[in-house]
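Subject: Handing over the structure

Hi,

Here is the structure I said I would pass on. Have it open in your viewer while you read, since my notes go residue by residue.

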Amino acid sequence: MKPHIKQFFKFLEKKEGREIPLAVKLVNSKDFKLTPKDLNVKGDLYLEDTSVTFLPDNLTVGRDLTLSNTPIQSLPDNLTVGRHLYLSDTDITSLPNNLTVRGDLDLTGTDITSLPDNLTVNKSLWLSDTKITSLPDNLTVGGSLSLLRTRIESLPNNLTVKGKLNLTGTRITSIPDNLKVDGVLWIWNTPLAQKYTIEQIRSMIEKKGGHIGKIYNR
C-alpha cells in the first residue's frame with residue numbers, strides 16, 4: 001500500500017478511535033492492487049454504509065459479508081460467503097454465476113427481478129419488498145424464504161423450503177408441482193387465500209406431490 005494511502009487510513013483510524021479492518025482498506029483503496037492471497041478474507045467483511053462500488057473476482061469471505069446501504073451494483077463471479085450475505089438496500093439488480101452463500105442471503109429492498117439457476121443458499125433467503133418476478137425451478141432453500149410484498153405471481157415447480165415460506169401480500173394464485181415446506185406457509189392477503197380455504201390449499205399441495213407443515217392466513 002502506498003505511503004499516502006497508509007497515512008490516510010491512519011488519519012481515519014485516529015479520528016474514529018478504532019482500527020479499520022484490512023479488508024475494508026483493500027477494497028476501498030483504488031491505488032492498491034490485490035494479489036491472490038488477498039482474495040480470501042477469513043473473518044467478516046463489513047462494508048455497510050461505505051462508498052464501495054466493486055469487489056474482486058473469485059473472492060472468498062469466511063464469515064459474514066455485509067454490503068447493506070452501499071452503491072454497489074454487481075457482485076463478482078464465483079463469490080463464496082461462509083456465513084451470511086447482506087445486500088439489503090443496495091443497487092443490486094442481479095446475482096453472479098456460481099454464487100455460494102452458506103448462511104442467509106438478504107436482498108430485502110433491492111431491485112432484483114430474478115435469481116440464477118445455479119444459486120446455492122444453505123439457510124434463509126430474504127426477498128421482501130424486492131422486484132422479484134420469478135424463481136428458478138428446483139430451488140432449495142435450507143432455511144426460510146420470504147417473498148413478502150413482492151410482485152411474484154407464481155412459484156416454480158419442485159420448490160423446497162426447509163423453514164417458513166412467507167407469501168403475504170404477493171400475487172400468488174396457484175400451487176406448483178412438488179411444493180415442499182417443512183415449516184409454516186403464510187398466505188395472508190393473497191389471491192390464493194381469497195379464493196380457497198386453508199383445507200383446500202393443503203389438499204391441492206398434497207395432490208400435486210408436495211407437503212406442508214402449517215398454513216396461516218392471518
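Below is what I found, going from the overall picture to a few individual sites.

First, a word on confidence. This is a predicted model, with an average pLDDT of 86 and 83% of the residues scoring at least 70. Two stretches deserve some care. Residues 1–5 stay under a pLDDT of 50, and the model gives them eight contacts beyond four places in sequence. Residues 29–34 are also below 50, with 11 contacts in the model beyond near neighbours in sequence. Where pLDDT is low, the predicted coordinates should not be read in detail, so please don't lean on those contacts.

Overall picture

The protein has four helices and 16 strands. It runs to 218 residues, of which 45% count as buried. If you take the contacts between residues at least 6 apart in sequence, 11% of them join residues at least 24 apart.

The core and strand 15

The largest nonpolar core holds 51 residues, and the two that touch the most other members are Leu-95 and Leu-165. Among the elements that each supply at least two residues of this core are strand 15 (180–186), helix 3 (191–195), helix 4 (198–207) and strand 16 (211–216). As a general point, nonpolar side chains tend to be buried together in soluble globular proteins.

Leu-165 is worth clicking on. Beyond its neighbours within four places in sequence, Leu-165 contacts a run of leucines, namely Leu-145, Leu-147, Leu-155, Leu-159, Leu-179 and Leu-185, plus Val-181, Val-184 and Trp-186. Leu-165 also has a backbone role: its bridge partner in strand 15 is Leu-185.

Strand 15 turns up in several pairings:

- With strand 13 (residues 160–161), strand 15 pairs in the parallel sense over two bridges; here Val-161 has Val-181 as its bridge partner.
- With strand 14 (residues 165–166), the pairing is again parallel, over two bridges.
- With strand 16, strand 15 runs parallel and is joined by five bridges; in this pairing Lys-180 stands opposite His-211.

What else links strands 15 and 16? The structure holds one aromatic pair, made of Trp-186 and Tyr-216. Their ring centres are 5.0 Å apart and the planes sit at 85°, so the pair is edge-to-face. Trp-186 is in strand 15 and Tyr-216 in strand 16, so the pair ties together parts that are 30 residues apart in sequence. Both residues are partly exposed: Trp-186 has a relative accessible area of 26% and Tyr-216 one of 24%.

Three polar residues in loops

Asp-44 lies in the loop between strand 1 (40–41) and strand 2 (45–46). Is Asp-44 buried or partly exposed? At 40% relative accessibility, Asp-44 counts as partly exposed. Its side chain makes a polar contact of 3.3 Å with the side chain of Arg-63 and reaches the backbone nitrogen of Asp-64 at 2.9 Å. Not counting residues within four places in sequence, Asp-44 is in contact with Arg-63, Asp-64 and Arg-83. The C-alpha atoms of Asp-44 and Leu-65 are 6.0 Å apart, although the two residues are 21 apart along the chain.

Ser-88 sits in the loop between strand 6 (85–86) and strand 7 (100–101). Ser-88 has a relative accessible area of 14%, which falls under the 20% cut-off, so Ser-88 is buried. The side chains of Ser-88 and Ser-68 are joined by a polar contact of 3.0 Å. Past its sequence neighbours within four places, Ser-88 touches Ser-68, Asn-69, Asp-106, Leu-107, Thr-108 and Thr-110.

Thr-130 is in the loop between strand 10 (125–126) and strand 11 (140–141). With a relative accessibility of 5%, Thr-130 also counts as buried. A polar atom of its side chain lies 2.8 Å from the backbone oxygen of Leu-127, and the side chain of Thr-130 reaches the backbone nitrogen of Ile-132 at 3.3 Å. Leaving out residues up to four places away in sequence, Thr-130 touches Leu-107, Thr-108, Gly-109, Thr-110, Ile-112 and Thr-150. Leu-107, Thr-108 and Thr-110 therefore appear in the contact lists of both Ser-88 and Thr-130.

Cheers

Definitions and conventions:
Residues numbered from 1 in each chain as written. Predicted model: local features only at pLDDT ≥ 70, side-chain atom pairs only at ≥ 80, totals over all residues. Heavy atoms only, no water. Core = buried A, V, L, I, M, F, W, Y, C linked by side-chain atoms within 4.5 Å. Buried < 20%, exposed > 50% of the residue type's maximum accessible area, 1.4 Å probe, protein only. Contact = heavy atoms within 4.5 Å. Pairing = 2+ DSSP bridges. Polar contact = N/O pair within 3.5 Å; in protein donor to acceptor, adjacent residues only side chain to side chain. pLDDT = per-residue confidence, 0-100. Phe/Tyr/Trp six-rings, centres within 6.5 Å; stacked < 30°, edge-to-face > 60°.
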